[in-house]
Amino acid sequence: MSTDRREKRSSRRFSSFLPVLEWFPQYDTSWLRPDVVAGITVAAAVIPEGLAYASLANLPPQTGLYAGLMAVSVYLFFGTSRQVIVGPTSALAILLASGVGSVAAGNAAAYPSLVVVTTLLVGVAAIVAWAFRLGFLVHFISGSVLTGFSAGAALYIMSTQLGKLFGIEGATGAFYQRTWYIATHLGETNPETLAVGVAGIVLLVVGERLLPRAPNALVVVSLAIVLVSVTNLEARGVDIVGSIPSGLPSLTVPAIPDISTLSALVPVAVALFLLSYVQGIGAVQTFARRHKYRTDANQELLADGVANLAAGFGGGFAVGGSMSRSALNDAVGGKTQLTNAVVALVLVVVLLFLTGVFTNLPETVLAAVVIVAVKDLIDTAALRELYRVSKSEFAIAMAALLGVLAVGMLWGVFVGVVLSLLVAISRVSSPATHELGQIAETDQFVALDLYPAATPIAGVFVYRVEAELFYANAETVRTDLLDRLSKRDSDVELVVVDLTSSPTVDFGAAQMLEELQQKLESRGIDLRFAGAESDIVQMFETTGLAANAGGVKTEESVADAIDRWRAEQSP
């Protein structure tokens, strides 16, 4: 191989590892202005949300800015989406707080260090998944489960903010405990705190509807800071954020916890990784489809992993793709990943020179920002559609929702994953099946239940499974075929199994088909196969099934299989 070819291959491998090497040399200067405008607009949302999500994670406010800065700085180089903005999210923050909080067991001094360790573990999990090319796993998380989980997460997160919104202290525990505590302690509400918080919610909602592209959160935060600065609200019990240290994040190397603590953090990190990746890849795929460009699910694992490592070492906390901030980026015209660089520059300026501005920011306004930010996670239209179209899918969504509320965000993630896997297993173990009939004057065979004009052939039963045949669905398919066969009015002499929709047949399914052939033979019925791939033919020949079934030809049509059988019956 020539030196030039080796260099080109090496360059391609490196550019696939760092997508910036592909898109930046082709950058169109006409995109610069919309990217800059989008970056400034997105940064105006990142700042208040970063402060709010740090509060959700029970961490100092600057850590939210650190996490946002490190995440966008990394995604600029490693990400494949042109619109997605990576950073802290409400769900990740509350999951981190509940998961790590239970491991810390009230040790406030150890909590920040454990958060950093957990964030680094999230990064490691994502990079391991990237190394094993596990990006396809996201397709096993069903849409109905995500709909229910998102709604449950929104309600769960909202419940964590009720204490700050009402100015009531002491609301802790699970969703039902917190809401019950607030409901039974409404007499302790601080009127000024509630008034400021509700005003913030109203302004944010109105701003979203009237000026969806404006930095509404930053405007509301600024107004609240001015209000507290010119009044005596703090003296009347309205809690404020307080002093925020200025300066850029420094390298944070946490102390390695003991084995038992580290083991307890692993499931928290895995849950965070799953949630981070699912959130991010959902946004990645949404905007890629909208703008008709390709992304790489496995590369997004690497981007997610490196972003979390950077956030951890930068003194932040777990990050992932944000649908709301990505949608804002898209709405204001962001064209490429360069938007991330602009967001990073704005955050650097804020951290160096403007942290003092946020000292008088009321905590209740941060609660308002969180509540409004997560309300869109409750997709009532999708839930209504599920209820209308499929009661079983709706029940799965509600199970995921109630799982989050009943057992918390950490185990709620695993409940969602388990439900998704059960749905997938249920579908592949009970696949759709059809009896086929022939369209008049053609050699085409179609499903009788879908095409009433087709007619069955006298003495012949043609059957098709709309899935791969493997051990988990073999017995279901066998039972279904025999049940359908018993309902035929006329005597059947031949059964043809059409494998055109079953590209693979594993050994367990092959054994089932051998048993089926023997059972049919005992009834005087022949078994033939049509549409078999070459690998299937080879397996049938190896097991001896092909010889017992009159020979199996590669991709033979149903009509040809029947004709060949008829020729064999002729004297």
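# Loops, sheet, cavities and pockets

Visitor: In which loop does glutamate 441 lie?
Guide: This model is predicted, and glutamate 441 is one place to start reading its backbone. Two strands flank the residue, one of them being strand 3 (433–438). Glutamate 441 lies in the loop between strand 3 and strand 4.

Visitor: What is the phi of glutamate 441, and is the residue buried or exposed?
Guide: Most residues other than glycine have a negative phi. Glutamate 441 is not a glycine, yet its phi is positive, at about 65 degrees. Exposed means over 50% relative accessible area. The relative accessible area of glutamate 441 is 86%, so the residue counts as exposed.

Visitor: Where is alanine 105 found, and what is its phi?
Guide: Alanine 105 sits in the loop between helix 5 and helix 6 (111–131). Alanine 105 is not a glycine, but its phi is positive. The value is about 55 degrees.

Visitor: Is alanine 105 buried or exposed?
Guide: The cut-off for exposed is over 50% relative accessible area. Alanine 105 has a relative accessibility of 65%, and therefore counts as exposed.

Visitor: How many helices and strands does the protein chain have?
Guide: The protein chain has 571 residues, and 51% of them count as buried. Its C-alpha atoms fill a box of roughly 105 × 70 × 50 Å along the principal axes. The count of elements is 22 helices and seven strands.

Visitor: Which element of the protein chain has the lowest mean pLDDT, and which the highest?
Guide: Over the protein chain, the mean pLDDT is 91, and 96% of residues reach 70 or more. The highest mean among the elements is 97, for helix 4 (residues 62–78), and the lowest is 56. In order of the question, the elements are helix 1 (residues 3–17) and helix 4.

Visitor: Which strands are the edge strands of the five-stranded open sheet?
Guide: The order of the open sheet is 4-3-5-6-7, and its pairing is mixed. An edge strand pairs on one side only. The edge strands are strand 4 (445–447) and strand 7 (526–530).

Visitor: By how many degrees are neighbouring strands of this sheet turned against each other on average?
Guide: The sheet concerned is the open one with the order 4-3-5-6-7. With direction ignored, the average turn between its neighbouring strands is 35 degrees.

Visitor: How many bridges join strand 6 to strand 7, and which residue of strand 7 stands opposite valine 497?
Guide: Strand 6 covers residues 494–498 and runs parallel to strand 7. Five bridges join strand 6 to strand 7. The residue opposite valine 497 is phenylalanine 529.

Visitor: What is the volume of the largest cavity, and how many charged residues does its lining have?
Guide: There are two cavities of 30 Å³ or more, and the largest holds about 120 Å³. Its lining includes Ile141, Phe149, Leu274 and Val413. Helix 7 (143–166), helix 11 (259–291) and helix 17 (391–429) each supply at least two lining residues. By class, the lining has nine nonpolar residues, one polar residue and, for charged residues, none.

Visitor: Which helix gives the largest share of the lining of the second largest cavity?
Guide: The second largest cavity has a volume of about 90 Å³. Among its 13 lining residues, Val86, Gly280, Glu300, Asp304 and Gly321 lie nearest its centre. By class, the lining has eight nonpolar, three polar and two charged residues. The largest share, five residues, comes from helix 11.

Visitor: Which helix gives the most to the lining of the largest pocket?
Guide: The largest pocket has a volume of about 1500 Å³. Of its 49 lining residues, Ser322, Met323, Ser324, Asp376 and Leu377 are the closest to its centre. The lining divides into 28 nonpolar, 14 polar and seven charged residues. With nine residues, the helix that gives the most is helix 11.

Visitor: How many polar residues are in the lining of the second largest pocket?
Guide: The second largest pocket has a volume of about 830 Å³. Ser55, Asn58, Thr160, Lys164 and Ala171 lie nearest its centre, out of 28 lining residues. Helix 3 (32–56), helix 5 (90–104), helix 7 and helix 15 (363–375) each supply at least two of the lining residues. The lining has eight nonpolar residues, five charged residues and, for the polar class, 15.

Conventions:
Residues are numbered from 1 along each chain as its sequence is written. This is a predicted model: local features need pLDDT of at least 70, side-chain atom pairs count only at pLDDT 80 or more; totals for chains, interfaces and linings use all residues. Side-chain values use heavy atoms; hydrogens and water are left out. On a 1 Å grid over the protein atoms alone, a cavity is a set of points where a 1.4 Å probe fits but cannot get out, and a pocket is an open set with protein on both sides within 12 Å along at least five of seven lines; lining residues have an atom within 4 Å of a point. Grid points are joined across faces, edges and corners, and a volume is the space filled by probe spheres set on the points. Helices (H or I, at least four residues) and strands (E, at least two) are DSSP runs, numbered from the N terminus. Ala, Val, Leu, Ile, Met, Phe, Trp, Tyr, Cys and Pro count as nonpolar, Asp, Glu, Lys and Arg as charged, and the others, Gly among them, as polar. Two strands pair if DSSP finds at least two bridges between them. Axes are lines fitted to C-alpha atoms, for helices over the stretch in contact, and angles run from 0 to 180 degrees between N-to-C directions. pLDDT is the predictor's confidence in each residue, from 0 to 100. Buried means under 20% relative accessible area, exposed over 50%, partly exposed in between (1.4 Å probe, protein chains only).
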